[in-house]
Amino acid sequence: MRCRTAVLLLVVLVAAPSQAQVVFQDDFNRADSSSLGLPWEVVTGSMLQVHSGRAEQVVAAQIEDGVIVASLDLAQQTIDVDWTPVDGFSGVDGRLLARVRDANNYYAARVAQGSATDGVIIFKLVDGVYSELAQSEVPKGSSFPYHLRLTLSESSLEFRVDRPGIATVILTATDSSFTSGSFGLVGYSGWGSTAARSTYDNFVVASTDPPEIIGISWAGAWDSSTTYRAGDGVSFNGSSYISLTDNNTDNPPDMWPTAWDLIAQKGDTGATGDQGSIGPAGPQGPTGATGPAGSPGENGISGSAIGGNYPNTGNNTFLMPWGVTTSATQDNANVPLPSGTASNLVVNLTVAPGSGGSATITIRRNGVNTALTCTVSDSLRTCANTASSVTFSDGDLLSILYTEAGAAAARIRFGFQYNSP
């Protein structure tokens, strides 16, 4: 990981009062998945899953599955979500987390649905110790979703539960244990040995945190391998952004509004100006000197074809290249060659060998059979061997052997390629 190199931008930004603005939202309207994906991370239990456009617990059990949005630190938070239990409507909680420092330190608001009542509670967890700040027991609702809203402003906490067809519950508390942090969700189920599970939709977080930055540490063009701190400024695709968090790594500014805030957007392309008049032609310059001649290229490979057309000659005879002459003696039919490679042997007979019959042409080097051979058999009249090749050195002797077994009388025709450097 590369270290951040920064210079202080001398322009001082003056913070102006602002309205609450959305800093994060997720409607979970994506393909089913066993994970909510980035930037969600597990804070307790297991990751919630995406199912049918909602976030929900994977299994029904006495379990607490909590997730938070990573790399965000806010003081003033308003968190909204729609909550619906499934697989039952008793023994299940809907919970919002706020100012989360870690798995053991945060504020939370919960709706605990029992058999006849809804428990509405604001609590905190400090070093893992649970403490209720406010609670109320109200008649249970039966229509869903419940809309949950938790608002934190300075040391004030307000939990609002809007329930279709039944009275809204508003609970307030005051506490100053935590001044800032992240936020998230918890699915808690299974108390009372039920099978109910929590599902969530339309998660939105807004904040009125004023910008506390009085200068920008300009870090140049954004780089995925650099770790940025809160207040670092970068350029990205023609726009400028400021980091909202520390430990900000590999979060593209245009895709992570929880990690970056836009401070200067790239302007639109201006209109094309009028074409200027054509200037006068300049004087012709002198002809440049002729460059040196290039070195001669390497010699190419010369290629030729060797073949012949012979009358029916019988078994174990040698065919003289480039002609019609055959011999029963190899020394009377072989020829010396310059160095090169023989390949692509093809054979054609005027009459097929017949059932059970065959005729074979074999290229020999210095009196020894090579892999460059081809057999015509049965009702076929042609064959080809394009897979094999034979290398000859200067003066090596080439001979062409013809053998047959039960083949009908036919003229024998063949050809192969010979390439020499």
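Reader: What makes the contact between the side chains of D80 and R149 a salt bridge?

Author: In this predicted model, the N to O distance between the side chains of D80 and R149 is 2.7 Å. A salt bridge requires a side-chain nitrogen of Lys or Arg within 4 Å of a carboxyl oxygen of Asp or Glu, so the pair qualifies. D80 belongs to strand 7 (residues 77-86) and R149 to strand 12, 69 residues apart; strands (E, at least two residues) are DSSP runs numbered from the N terminus.

Reader: Why is D80 called buried or exposed?

Author: Its relative accessible area is 10%. Buried means under 20%, exposed over 50% and partly exposed in between (1.4 Å probe, protein chains only), so D80 is buried. R149, at 35%, is therefore partly exposed.

Reader: Why are K124 and D175 called buried or exposed?

Author: K124 has a relative accessible area of 15% and is therefore buried; D175, at 12%, is buried as well. Their side chains form a salt bridge at 2.9 Å, N to O.

Reader: What makes the largest nonpolar core a core, and how many residues has it?

Author: A nonpolar core is a set of buried Ala, Val, Leu, Ile, Met, Phe, Trp, Tyr and Cys residues joined through side-chain atoms within 4.5 Å. The largest has 43 residues, with W40 and L185 among those with the most contacts inside it. Strand 12 (residues 146-153) gives the most to this core, with four residues.

Reader: How are these values obtained?

Author: Local features need pLDDT of at least 70 and side-chain atom pairs 80 or more, while totals for chains, interfaces and linings use all residues. Side-chain values use heavy atoms, without hydrogens and water, and residues are numbered from 1 along each chain as its sequence is written.
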